[in-house]
Amino acid sequence: MPKPTYHTLEEIQIRKEELQSNIQQENDQIGILWRTLFAPQKASSKGELVANLVANSITAIDGFLLVRKLMKSYGRIFSRKKKK
């Protein structure tokens, strides 16, 4: 893909505004998708309630294990110096 060439500061400013507009639109789309991904689902039956409970429990356990693994690997960054 050829790089665009700019001859004036105005052309650069226009391109910058276009890119900022595109970034803002994509950011809004990501925000909407993120909210729908983590929005709590209403259970209409006991089966769905149990399924949601299990899914949320698995997510919580997975998050806990991830944090534990990261702290084990990178915990020295956050630890304080031990007193002797």
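Helices (H or I, at least four residues) and strands (E, at least two) are DSSP runs, numbered from the N terminus. Let's put that to work on this protein. The model is predicted, so local features need pLDDT of at least 70 and side-chain atom pairs count only at pLDDT 80 or more, while totals for chains, interfaces and linings use all residues. Residues are numbered from 1 along each chain as its sequence is written, and side-chain values use heavy atoms, with hydrogens and water left out.

**Exercise 1. Find how many helices and strands the protein has, then place Pro 4.**

Step 1: The protein has two helices and zero strands. Helix H1 covers residues 9-38, and helix H2 covers residues 46-78.

Step 2: Pro 4 sits in the segment before H1.

Step 3: Now look at its surroundings. Buried means under 20% relative accessible area, exposed over 50%, and partly exposed in between (1.4 Å probe, protein chains only). Pro 4 is exposed, because its relative accessible area is 52%.

Step 4: From Pro 4 to Arg 15 there are eleven residues in sequence and 9.9 Å in space, C-alpha to C-alpha.

**Exercise 2. Find which side chains form the salt bridge with an N to O distance of 3.6 Å.**

Step 1: Start with the rule: a side-chain nitrogen of Lys or Arg must lie within 4 Å of a carboxyl oxygen of Asp or Glu. Side chains of opposite charge can pair when their charged atoms come close.

Step 2: The partners are Arg 15 and Glu 18. By the rule above, the count comes to one salt bridge.

Step 3: Both residues lie in helix H1, three residues apart, about one turn of the helix.

Step 4: Arg 15 is partly exposed, with a relative accessible area of 31%. Glu 18 is also partly exposed, at 39%.

**Exercise 3. Work out where Asn 56 and Ala 51 lie, and compare each with a partner along the chain.**

Step 1: Asn 56 belongs to helix H2, and so does Ala 51.

Step 2: Asn 56 counts as exposed because its relative accessibility is 53%. Ala 51 is partly exposed, at 44%.

Step 3: Asn 56 and Pro 40 are 16 residues apart in sequence, with 9.5 Å between their C-alpha atoms. Ala 51 and Leu 66 are 15 residues apart along the chain, and their C-alpha atoms are separated by 22 Å.

**Exercise 4. Describe the overall build of the protein from its radius of gyration and its buried residues.**

Step 1: The radius of gyration is taken over C-alpha atoms, and the globule rule is 2.2 Å times the number of residues to the power 0.38.

Step 2: For 84 residues, a compact globule would have a radius of gyration near 12 Å, but this protein has 24 Å.

Step 3: Along the principal axes, the C-alpha atoms fill a box of roughly 60 × 60 × 25 Å.

Step 4: Buried residues make up 1% of the 84 residues.
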